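The following exercises introduce one protein structure step by step. Please attempt each task before reading its solution.

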Amino acid sequence: IRCWSNIPFITMPLSRAHGKSFAHRSELKHAKRIVVKLGSAVVTRGDECGLALGRLASIVEQVSMLQNQGREMMIVTSGAVAFGKQRLRHEILLSQSVRQALHSGQSQLKDMAIPVLEARACAAAGQSGLMALYEAMFTQYSICAAQILVTNLDFHDEQKRRNLNGTLHELLRMNIVPIINTNDAVVPPPEPNSDLQGVNVISVKDNDSLAARLAVEMKTDLLIVLSDVEGLFDSPPGSDDAKLIDIFYPGDQQSVTFGTKSRVGMGGMEAKVKAALWALQGGTSVVIANGTHPKISGHVITDIVDGKKVGTFFSEVKPAGPTVEQQGEMARAGGRTLAALQPEQRAEIIYRLADLLTDQREEILLANKKDLEEAENKGRLALPLLKRLTLSTSKLNSLAIGLRQIAASSQDSVGRVIRRTRIAKDLELEQVTVPIGVLLVIFESRPDCLPQVSALAIASGNGLLLKGGKEAAYSNQILHHLTQEALSIHKVKDAVQLVNTREEVEDLCRLDKLIDLIIPRGSSQLVKDIQKAAKGIPVMGHSEGICHVYVDMDASVEKVTRIIRDSKCEYPAACNALETLLIHRDLLRTPLFDQIIDMLRIEQVKIHAGPKFASYLTFSPSEVKSLRTEYGDLECCIEVVDSVQEAVEHIHKYGSSHTDVIITENEKTAEFFLQHVDSACVFWNASTRFSDGYRFGLGAEVGISTSRIHARGPVGIEGLLTTKWLLRGDSHVVSDFSEHGSMKYLHESLPLPQRNTS
């Protein structure tokens, strides 16, 4: 029993047991019963006179979509006052114009003053029109809507509460969307929020409190509160240091400064937060988000239900570790400290990590064994991904060797002068290498990627956020622990962060203020999804590895099978494995061609015939579905071409600009191929598998880039650096270089400092 205004009443329905709200955003997709609260700023136009019809139509579409999925949707809406104001203004203007015309006898009308309209009268005039509009919109989706008007007294009276509860349940049972609003035609004027000082009591004095009350009464899973701000900020929105709060926990309100309320409506953000906390206490999850932003309002409700990071999510479960936003800030600060270290100190960290990989191999392999056992028991990984997931002693030894290469080659990576110019006397300009900032590397089933990428980030002075697949959770955890142990020798352990929260990849890709570059390592689908999801953050990588080997008519018999076997069979799951074999037409039905086919059959490679190759055969292998296929397994496509020019054209049309190879003894043909194939890596008489940072002598790689800006091919330390300009002068000003000034531009190139090659 609780009390409002000295009137006792029961705050929960009698049949309701205390529910538990969802702990994480990812669980919101399981919400069955949902209340959507539309604030006045969402449903009204900017002039506060009339409704924002386009926005309202979009909201109805999203609610209808969720209703048709089998969910039970309810809407708590504002807008009656605004709609009524529009109608009454029109009537008053019409009435005044008629009277003035009769009085003056003239068609010319003077400016007419519109009296201040009383809100209750506006609500009375607007309720029917607002409901008619909702009915017309929902009818387009074959959904029926019903209006319910309530006041605070309806919750004070136990019988009225039971009637309201029964009515809502019956409407939901009949698949009808209830449209609920405070009866603004009869409600008293708003009072100060004297009863909202805590979360134990709440009265219906605005639609925020109404939505919270209904959500708890109806045992709702989710309450979505749409306003004209992105969510809850740690200080008033618009202030310089305001940051959107992703997750808000009970007790956090003491650390928040609330701003003014929205341009229309009765409740401000403080009222929304208190109403949200009250609903959360009653077992309903809450999200406060922006329903007016033109770029997101068309899918804001469905995005929230899908668990995407939109607005502020209220949760009772506080995570044990830092949020991903906090991790991003830690990586930024740690990266700057890392970049300020001496090159020898950064190298020392990497050497230490290399030693730990071999010294702690038993613990690493034990953790990896747990991942493999879980993956095999659940049967969720294909064989190529299981191979990528597997670590071994030899793999760890190779990793350690690669890390030592990185350490040795990184001595002058950061701060290296790459250009010096004397602009004028005593005015010298330098261009020097600097870290990019904070990198987000997302990788699947590849725990060996973690120490490689960490070493490259350390060598280049970058902060690093790592997001590994859950299938490698145990392996990633111990490898990250060892990385932080190595970083600790110079007190920069925060520079490399492993994201262990339930953050979806799409949500991470929206952190444009924390992340400077995204590097995906995984399937082509992962890379495509990240490239699509990234908002304002550049993505470096390749979506596919469709690598070609062209066997020219002048190819060496001894070299062909060796190169093809290595390119296809050495590690078929790799992105640099052969996927399409192009054969010169003159080699068909020759002993060399037979040797190639026999070798592929012995290696159990499934062959798919390209259209031209199939036309030469009476009984051909299965014809390829697409010449743009990355098999990632012991499969490949064979196609026939008439010349090296046709091979180049085929690669440009169907390739992915990754790695392409020619096998020939004709140097002129080889040079033509090398110069004309527009891929990141182009080889002559060498396996596609050489396209790798370690094999290139880079020590390791963060990935292979097929983009044309910045880095291309295997990306090592150099690809993780950018530049800045340093200008050193002595009271120089631009006006001195004007036509009548005292100084002249020299623009002389100066010699670069000697690089440390030891």
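Helices (H or I, at least four residues) and strands (E, at least two) are DSSP runs, numbered from the N terminus. The model is a predicted one, in which local features need pLDDT of at least 70 and side-chain atom pairs count only at pLDDT 80 or more, while totals for chains, interfaces and linings use all residues. Residues are numbered from 1 along each chain as its sequence is written, and side-chain values use heavy atoms, with hydrogens and water left out.

**Exercise 1. Describe the chain as a whole.**

Step 1. The chain holds 23 helices and 26 strands.

Step 2. Of its 758 residues, 53% are buried, where buried means under 20% relative accessible area, exposed over 50%, and partly exposed in between (1.4 Å probe, protein chains only).

Step 3. Contact means heavy atoms within 4.5 Å. Among contacts in the chain with a separation of 6 or more, 75% join residues 24 or more positions apart.

**Exercise 2. Examine two aromatic pairs.**

Step 1. Rings of Phe, Tyr and Trp (its six-membered ring) pair if their centres lie within 6.5 Å; planes under 30 degrees apart count as stacked, over 60 as edge-to-face and the rest as tilted. A search of the whole structure gives six aromatic pairs.

Step 2. One of them is the stacked pair of Tyr-134 and Phe-138, with 6.5 Å from centre to centre and 25 degrees between the planes. Both residues belong to helix α4 (residues 119–139), where they are four residues apart, about one turn of the helix. Tyr-134 and Phe-138 are both buried.

Step 3. For Phe-737 and Tyr-745, the ring centres are 4.4 Å apart and the planes lie at 20 degrees, so this pair is stacked. Phe-737 is buried, at 13% relative accessibility, whereas Tyr-745 is partly exposed, at 44%.

**Exercise 3. Test the length of helix α10.**

Step 1. The expected span of a helix is 1.5 Å times one less than its number of residues.

Step 2. Helix α10 (residues 324–340) has 17 residues and should therefore span 24 Å; the C-alpha atoms at its ends are 24 Å apart, which agrees.

Step 3. Among the buried residues of α10 are Val-324, Glu-325 and Leu-338.

**Exercise 4. Determine how helices α11 and α14 are arranged.**

Step 1. Axes are lines fitted to C-alpha atoms, for helices over the stretch in contact, and angles run from 0 to 180 degrees between N-to-C directions.

Step 2. The axes of α11 (residues 343–359) and α14 (residues 393–409) come within 9 Å and cross at roughly 170 degrees. The two helices are therefore roughly antiparallel (angles under 35 degrees count as roughly parallel, over 145 as roughly antiparallel, 65 to 115 as roughly perpendicular and the rest as oblique).

Step 3. The residues that meet include Ile-350 and Leu-353 in α11, and Leu-399 and Leu-403 in α14.

**Exercise 5. Is helix α7 enclosed or open to its surroundings?**

Step 1. In helix α7 (residues 207–217), 11 of the 11 residues are buried, so the helix is largely enclosed by the rest of the structure.

Step 2. Val-216 lies in α7 and has 0% relative accessibility. Although Val-216 and Gly-283 are 67 residues apart in sequence, their C-alpha atoms are 7.1 Å apart.

Step 3. Lys-219, which follows α7, has a positive phi near 50 degrees.

**Exercise 6. Locate Tyr-550 and its contacts.**

Step 1. Tyr-550 belongs to strand β17 (residues 547–551) and is buried, at 0% relative accessibility.

Step 2. Beyond its neighbours within four places in sequence, Tyr-550 contacts residues including Leu-582, His-584, Val-641 and Phe-673.
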